[in-house]
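This report describes the strand pairing, nonpolar cores, cavities and backbone geometry of a protein model. The sequence and structure are shown first, and the description follows.

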Amino acid sequence: MQTPFRASPKTVLPEWIDFNGHLNMAYYSVLFDTSVDEAYEQIGFGPDYARDHRHTTYVAEFHICYVRELHEGDNVYVTTQLVDYDEKRFHTYQELYHSDGWLAATAEALTLHVDMSGPRVAPMPAQIQSRMAEILKAHNTLGTPERLNRSIGIKRK
């Protein structure tokens with residue numbers, strides 16, 4: 001896996017533009033989600049994993065920070081960094097870039113590994129945890145992202 005993982009390029013579609021003339025906030029999630037799916041395939045998750053093992057992943061929490069507007073036709077890409085994991089959960093950090101190199105948005109997710117028969121949160125298989133350990137070791141060389149663990153609130157003086 002790349003360090004950080006870089007998803008395939010995507011283009012902002014006309015139907016994603018809101019009445020303000022820029023990318024509607026919902027489609028930032030689409031870009032992050034479809035991009036992380038590419039990383040999941042390399043971890044061992046994805047449609048085949050869900051079908052064959054009856055386990056999958058559910059996002060429990062997702063935060064987006066909008067940094068700069070995107071517009072129709074903009075070419076973008078997303079990077080994904082594994083920040084932490086345990087036997088049942090993992091924390092990822094993503095950055096959405098315009099193809100010119102500027103940051104458009106960031107996202108963080110806390111994702112659960114789920115046994116679909118419950119559904120209930122369940123430990124990941126040993127081979128997935130081993131892969132997570134390899135990825136985390138590689139991604140730890142990137143350092144802590146500056147925009148990691150941001151919170152929402154009105155700062156009072």
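## Strand pairing at the N-terminal end

In this predicted model, Arg 6 stands opposite Thr 79 in E4. The pairing of E1 with E4 is antiparallel and rests on two bridges. Strand E2, residues 10-11, also runs antiparallel to E4 and is joined to E4 by two bridges. Within that pairing, Lys 10 stands opposite Val 76 in E4.

Ahead of strand E1 (5-6) lies the segment that holds Pro 4. The peptide bond leading from Thr 3 into Pro 4 is cis, with omega near -10 degrees.

## The E4, E5 and E6 hairpins

Strand E4 (residues 75-85) pairs with E5 in the antiparallel sense, over nine bridges. Two residue pairs illustrate this register: Tyr 77 stands opposite Tyr 97 in E5, and Leu 82 has Thr 92 in E5 as its bridge partner. E4 and E5 form a hairpin, with three residues between the two strands.

E5 is also joined to E6 by nine bridges, again in an antiparallel arrangement. Here His 91 has Leu 110 in E6 as its bridge partner. These two strands form a hairpin with four residues between them, and Gly 101 in the turn has a positive phi of about 105 degrees. Strand E5 itself, residues 89-98, is mostly covered, with nine of its 10 residues buried.

## Nonpolar cores

The largest nonpolar core contains 15 residues, of which Leu 23, Tyr 28, Phe 32, Leu 70 and Leu 96 touch the most other members. Helix H1 (25-43), E4 and E6 each contribute at least two residues to this core. A second, separate core has 12 residues, including Tyr 40, Met 124, Ile 128 and Met 132.

Leu 96 has contacts in several parts of the chain. With residues up to four places away in sequence left out, Leu 96 touches Tyr 28, Leu 31, Phe 32, Leu 70, Val 76, Tyr 77, Val 78, Trp 102, Leu 103, Ala 104 and Ala 105.

## Ser 29 in helix H1

Helix H1 also holds Ser 29. Is this residue buried, partly exposed or exposed? Ser 29 counts as partly exposed because its relative accessible area is 28%, which lies between the limits of 20% and 50%.

Leaving out residues up to four places away in sequence, Ser 29 touches Phe 62 and Ile 64. Ala 50 is 21 residues from Ser 29 along the chain, and the C-alpha atoms of the two are separated by 22 Å.

## Internal cavities

How many cavities of 30 Å³ or more does the structure hold? There are two of them. The second largest cavity encloses about 50 Å³ of space. Strand E3 (55-66) and strand E6 (103-115) are the elements that give two or more residues to its lining.

The residues lining the second largest cavity are His 63, Cys 65, Tyr 93, Thr 106, Ala 107, Glu 108, Arg 147 and Arg 150. By character, three are nonpolar, two polar and three charged. E6 supplies the largest share of this lining, three residues.

## Less common backbone geometry

Most residues other than glycine have a negative phi, and most peptide bonds are trans. The departures described here include a cis peptide bond from Gly 118 to Pro 119, with omega near -15 degrees. Pro 119 lies in the loop between E6 and strand E7 (120-121).

Arg 54 is not a glycine, yet has a positive phi of about 60 degrees. This residue is placed in the loop between helix H2 (47-53) and E3. Arg 54 counts as partly exposed because its relative accessibility is 47%. Asn 149 likewise has a positive phi, near 65 degrees, in a residue other than glycine. Asn 149 belongs to the segment after helix H3 (126-140), and is classed as exposed because its relative accessible area is 56%.

Conventions:
Residues numbered from 1 in each chain as written. Predicted model: local features only at pLDDT ≥ 70, side-chain atom pairs only at ≥ 80, totals over all residues. Heavy atoms only, no water. 1 Å grid on protein atoms, 1.4 Å probe; cavity = no way out; pocket = protein on both sides within 12 Å on 5 of 7 lines; lining within 4 Å. Points joined across faces, edges and corners; volume = space filled by probe spheres on them. Nonpolar A, V, L, I, M, F, W, Y, C, P; charged D, E, K, R; others polar. Buried < 20%, exposed > 50% of the residue type's maximum accessible area, 1.4 Å probe, protein only. Pairing = 2+ DSSP bridges. Core = buried A, V, L, I, M, F, W, Y, C linked by side-chain atoms within 4.5 Å. Contact = heavy atoms within 4.5 Å.
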